[in-house]
Amino acid sequence: MAESMKTMREKDMRKTSVYQKFFHVLSQGGIYLFLFLMALVVLFPFYWMVISSLKSLAEYRLSPPTLFPVHVMLSNYAEAFTTANLGRLFMNTMYVGLVSTLLSLVITIFTAFAFARLQFKGKELLFAALLATMMIPGELFTITNYSTVISLGWLNSYTVLIVPFLVSIFYIYLLRQNFLQIPNELYLAAKVDGTSDFKYLWKVMVPLSLPTLISITILKMMGAWNSYIWPRLVANDEEHRMITNGLRNAFTDTTGDVNYPVQMAAVALVSLPLFLVFVFLRKYIMSGVSRSGIKG
Amino acid sequence: MVESKQQWKAWLYLAPAIVLLLIFTVWPIINTVSMAFLEGYSGLTKAGGDVTFKIGLGNFIHVVGHPDFLQAMKNTILLCLITVPVSTILALLIAVALNAIGPLRKALQTIFFLPYVTNSIAIGMVFAAMFNVIGSIGTRRPVIVSYGIVNDIIRLISGNSDPKNFINFINTGSSYEMNMLVMVIYIVWNALPFKILVLLGGLQSINKQYYDAAKVDSAPRWRVLTRITVPLLSPMIAYVVITGFIGGFKEYTSIVGIFGENMGPVHDAGRLNTMVGLIYDSLELDNQGGASAAALILFGIILVVTLINLQVSKKRVHY
């Protein structure tokens with residue numbers, strides 16, 4: 001009797017385990033289906049951008065559309081490059097991006113060092129005040145900065161694109177946190193050896209914080225690449241125009257009967273550097289981004 | 001002696017940042033706030049001669065009473081109220097799903113992060129191309145050259161090949177609701193990567209013991225999600241909701257991406273203008289008083305919404 005009870009229970013258990021397994025496979029399949037569907041939605045605009053940029057205008061206007069270009073038209077890219085004057089825009093953006101990143105890094109390193117290692121009166125208060133300014137929307141600053149740069153005579157120059165944004169409280173915060181993680185014993189040991197603060201900063205702290213500095217560099221460069229509002233306001237002349245503004249200016253119409261293949265080629269060219277950065281430096285972007293909540 | 005030397009040195013390290021902050025952060029706060037309370041303040045008028053501006057709330061009253069402001073306010077709030085919950089829930093589902101699978105997880109994670117590293121103007125133009133209809137619309141017998149890929153898909157699914165069977169999303173004569181729908185889709189698409197990244201990071205730090213306990217009790221997946229995952233993830237959820245609202249109230253470039261600087265379809269420019277767009281419009285009209293007042297209102301709204309969010313999460317967030 002007891003024997004048969006046992007086998008019955010075992011049978012029962014086996015049954016539920018098969019049942020559970022079936023359910024598990026089913027729900028796992030559902031999860032994959034959901035993820036694939038969402039991934040498709042996420043990727044579709046990129047796919048559409050690339051294939052549209054390779055079609056002739058006649059083929060683009062076909063309805064229903066072709067899912068892959070019948071004749072690959074690479075000439076769209078050449079046309080986009082000249083129509084939007086992308087070469088000049090690219091150089092301008094790289095120049096502004098590189099110079100502002102370099103200067104910004106130096107300022108951020110000095111400031112973060114002072115807040116992390118040096119002692120001075122009102123340190124905590126000053127740091128709290130700086131953090132508080134992060135809450136204020138940028139537009140509030142822009143209104144006055146616009147008048148300031150006009151009275152400084154900086155309109156339509158590289159200076160106006162670089163200087164007002166050199167100090168970023170967020171970067172200072174990020175680097176200070178990193179500096180604080182470096183054990184103080186190292187600093188005291190260096191002091192005993194008679195190493196100056198300056199030398200210690202560049203020889204020890206900066207190399208140890210390289211990942212954070214790389215994150216900052218990438219975010220700053222991406223910021224220059226994607227900036228739109230401020231450059232449009234203060235430097236929208238041929239000589240200093242940035243790439244996003246150039247793209248928007250060259251293709252003002254978004255609806256109606258536009259030469260979309262060329263427009264999509266220009267969009268693809270503007271997106272390509274970002275894509276490359278993404279492929280090779282994703283790790284640094286992700287670690288910077290997850291702590292920021294702001295784009296660029 | 002050593003103490004004062006340290007002090008002096010610290011300020012030397014801080015000097016470049018302090019100088020720049022004084023010019024481009026501290027002065028703007030003082031100046032923008034004071035301009036907001038000088039009625040009808042304008043840089044041009046001031047430069048023109050010896051004028052004094054009355055101190056008062058005139059700018060605020062003028063801004064709030066302006067029909068453009070009400071429209072911008074409506075657009076901004078609607079976009080916020082729709083896109084933040086939709087993108088948060090979608091991101092949560094995707095993050096939980098990603099956390100539940102083994103193979104292909106890294107690859108999918110990479111795909112979902114891709115929209116983050118894009119230029120919102122550039123990809124906005126791609127979305128516009130996808131929703132655009134080429135042809136004569138709004139006439140009695142519309143001649144359509146190309147419906148655009150989104151309408152093509154809708155036509156394919158509905159199986160109705162009637163030439164009139166298409167939705168006018170963004171072209172001349174399109175409705176406000178359809179314009180908003182396109183904006184919502186684009187903004188959610190854009191907002192997902194950051195939210196997924198943060199939520200997935202949070203999920204991975206949840207102690208596995210909770211799930212083992214749920215397994216022993218053979219709790220169904222749905223209950224595990226609502227009773228374990230969401231409460232334990234609530235600090236992260238609160239974080240993405242708050243940053244989502246802050247970003248949502250500053251929405252501007254994504255609309256420029258799709259509709260251009262028209263900020264609306266061809267027949268109704270400015271229809272989709274937002275608070276930030278309004279501030280720049282007043283700035284370009286040299287109405288600094290109005291722009292400042294609008295910026296302060298925006299700041300006030302963001303502050304209030306953030307405080308409400310913090311209050312709610314204080315009650316709801318499980319630390």
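Begin by selecting A:W230 in this predicted model, and you will find that this residue is buried, with a relative accessible area of 7%. Now add A:F165 to the selection, a residue that is partly exposed, its relative accessible area being 39%. The structure holds 31 aromatic pairs over all chains, and one of them is formed by A:F165 and A:W230 in an edge-to-face arrangement, with 5.6 Å from centre to centre and 85 degrees between the planes. If you colour chain A by its helices, you can see that this pair links distant parts of the chain, since A:F165 sits in the loop between helix 7 (158-162) and helix 8 (169-181), while A:W230 belongs to helix 12 (residues 229-234), 65 residues apart.

Next, select A:Y187 together with A:Y200, whose rings form a tilted pair at 5.1 Å centre to centre and with 55 degrees between the planes. A:Y187 lies in helix 9 (residues 184-192) of chain A and A:Y200 in helix 10 (residues 197-208) of chain A, so this pair ties together parts that are 13 residues apart in sequence. Are these two tyrosines, A:Y187 and A:Y200, buried or exposed? Both A:Y187 and A:Y200 are buried.

Two further selections within chain A show a charged group placed over a ring. For one of them, pick A:R176 and A:F127, where the arginine lies over the face of the phenylalanine, at 4.1 Å from the ring centre. For the other, pick A:K283 and A:Y284, where the charged end of the lysine sits over the tyrosine ring, 5.1 Å from its centre.

Then bring chain B into view by selecting A:F110, A:F113, A:F198, A:W202 and B:Y13, which form one aromatic cluster. From this cluster, widen the selection to the whole contact between the two chains, which takes 98 residues from chain A and 93 residues from chain B. Between them the chains bury about 8500 Å², and 73% of that area is on carbon and sulfur atoms.

Finally, look for the polar and charged partners across this contact. There are 3 salt bridges between chain B and chain A, among them the one that A:D197 forms with B:K9, in which the closest N and O atoms are 3.1 Å apart. The count of residue pairs in polar contact between chain B and chain A, both residues at pLDDT 80 or more, is 18. To end the tour, select helix 1 (residues 2-36) of chain B, which with 21 residues supplies the largest share of the side of chain B that touches chain A.

Conventions
Residues are numbered from 1 along each chain as its sequence is written. Chains are lettered from A and ligands numbered from 1 in the order in which they are written. This is a predicted model: local features need pLDDT of at least 70, side-chain atom pairs count only at pLDDT 80 or more; totals for chains, interfaces and linings use all residues. Side-chain values use heavy atoms; hydrogens and water are left out. Rings of Phe, Tyr and Trp (its six-membered ring) pair if their centres lie within 6.5 Å; planes under 30 degrees apart count as stacked, over 60 as edge-to-face and the rest as tilted. Helices (H or I, at least four residues) and strands (E, at least two) are DSSP runs, numbered from the N terminus. Buried means under 20% relative accessible area, exposed over 50%, partly exposed in between (1.4 Å probe, protein chains only). A charge sits over a ring if NZ of Lys or CZ of Arg is within 6 Å of the ring centre and within 35 degrees of the ring normal. Contact means heavy atoms within 4.5 Å. Buried area is the accessible area (1.4 Å probe) that two parts lose on being put together, summed over both. A salt bridge is a side-chain nitrogen of Lys or Arg within 4 Å of a carboxyl oxygen of Asp or Glu. A polar contact is a pair of N or O atoms within 3.5 Å; within protein, one must be able to donate a hydrogen and the other to accept it, and residues adjacent in sequence count only if both atoms are side-chain atoms.
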